[in-house]
Amino acid sequence: MSQPPLDSGGFLPSPTLTTPASPSPSISSTTSSLPHPRSRALKPGSAKEDAVRRYVEGRLLHISRRYAKKYQPPEGMEGEVVGYVRMGDVCKDLGDVVDVLWISGTPSLQIPYLLNIALALTTYMTAFPPAPIAMFALLRKLDRVFTSLLKGEDSETGEFLPGFEGGRSRGMSRTDMVRVKSLVESTRVLVVEVMSKEPEDEGEDESEPDGEGGESNGWMGDDEEMEMDVARVYEGTIVMLNEFGFGFVAGEGPSS
C-alpha cells in the first residue's frame, strides 16, 4: 500500500526507515519496544495530521482485509490481498501501526485508534493458534501506551509526553477510560482461553521448549513464566485505572 508523502519533517515509515527491531525474544520480558515520539503533537487540521490519519486508516483496513481472507489461498493476481495464516503476522502488522501512532505524539489520534487496535486484537487472537511471543509483545506495547496516555508520561522512561502540556485532562476522557476497562477485562479473559490451545510454530529461534524438550499442553516454554505473562496482561493499565477509581484491584483478575 502506498504511503502518503511527507516533507523532511515527517515520520511515517518508508522503505529505508522501519520501526526498530524487537529485542531477542523472551516471553517473560516485562518491557516493550517503542520508537521515540515527536517532541510536539501534530497541529489539529494540519497536513501531517491528515497524512498520519490516512496512513493508519489505510493500514488498519489492509489488516482487516487480510484477516477476512485468512486461510484463503492466493488467487495469483498481482495486487491481490493475501489472507493471514499466522497470528504472529497479525501482531507484527498491528504493532507497526501502534509504533506510528506513538511516534505521532498526538493524543487525539492515538487514543481512538489505539482503542480500535486493542478491540480488533480481541477478535483476531481467537481466530488463530496462539503465538505467545508475538502476542505478549504486542500486549506489552499496548499496555505501555495506555498506561502512558493515562499518566501523561512514558510509563517506562518517565519522559513527559507531547500533547499533555495542559495536564492529564488532555488525554483520555472518562468515556475512553470506560472503554479501556472493558477491553482490559475482555482481553484478560480471552488470553487465558487462547493460551489453552496448541500454539503456532513461531520459528526455531523463538521457540522456548520446556524442561522435557517439548511443548506442554499448548503452553510454550516454562509454564510459570507463561502464567506470569498471562497475569501481567494490561498490568500497568489496571494500576492507572485504579487511580482514576475504575474498580480494579492491582494484581488481581478483571472480575475483582
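F146 is about as hidden as the numbers allow one to say here: with a relative accessible area of 1%, F146 counts as buried. Everything below refers to a predicted model. Y234 also comes out as buried, with a relative accessibility of 1%.

These two residues make a ring pair. The centres of the F146 and Y234 rings lie 6.1 Å apart, and because their planes meet at 45°, the pair is classed as tilted. In sequence terms the partners come from distant parts of the chain, 88 residues apart. F146 belongs to helix α4 (residues 132-151), while Y234 sits in the loop between α6 (223-231) and α7 (235-243).

Searching the whole structure turns up three aromatic pairs. Another of them joins Y67 and Y124, whose ring centres are 4.6 Å apart; with an angle of 50° between the planes, this pair is tilted too, since tilted covers what is neither under 30 degrees nor over 60. Here again distant parts of the chain are linked: Y67 comes from helix α1 (residues 47-68) and Y124 from helix α3 (residues 107-124), with the two positions 57 residues apart in the numbering.

As for solvent, Y67 has 18% relative accessibility, so it falls on the buried side of the 20% cut-off. Y124 is buried as well, at 8%.

The Y67 and Y124 rings don't stand alone, either: together with F128 they form one aromatic cluster. Y67 also has a charged neighbour, as the charged end of K70 sits over the Y67 ring, 4.7 Å from the ring centre.

Note on methods: Residues are numbered from 1 along each chain as its sequence is written. This is a predicted model: local features need pLDDT of at least 70, side-chain atom pairs count only at pLDDT 80 or more; totals for chains, interfaces and linings use all residues. Side-chain values use heavy atoms; hydrogens and water are left out. Rings of Phe, Tyr and Trp (its six-membered ring) pair if their centres lie within 6.5 Å; planes under 30 degrees apart count as stacked, over 60 as edge-to-face and the rest as tilted. Helices (H or I, at least four residues) and strands (E, at least two) are DSSP runs, numbered from the N terminus. Buried means under 20% relative accessible area, exposed over 50%, partly exposed in between (1.4 Å probe, protein chains only). A charge sits over a ring if NZ of Lys or CZ of Arg is within 6 Å of the ring centre and within 35 degrees of the ring normal.
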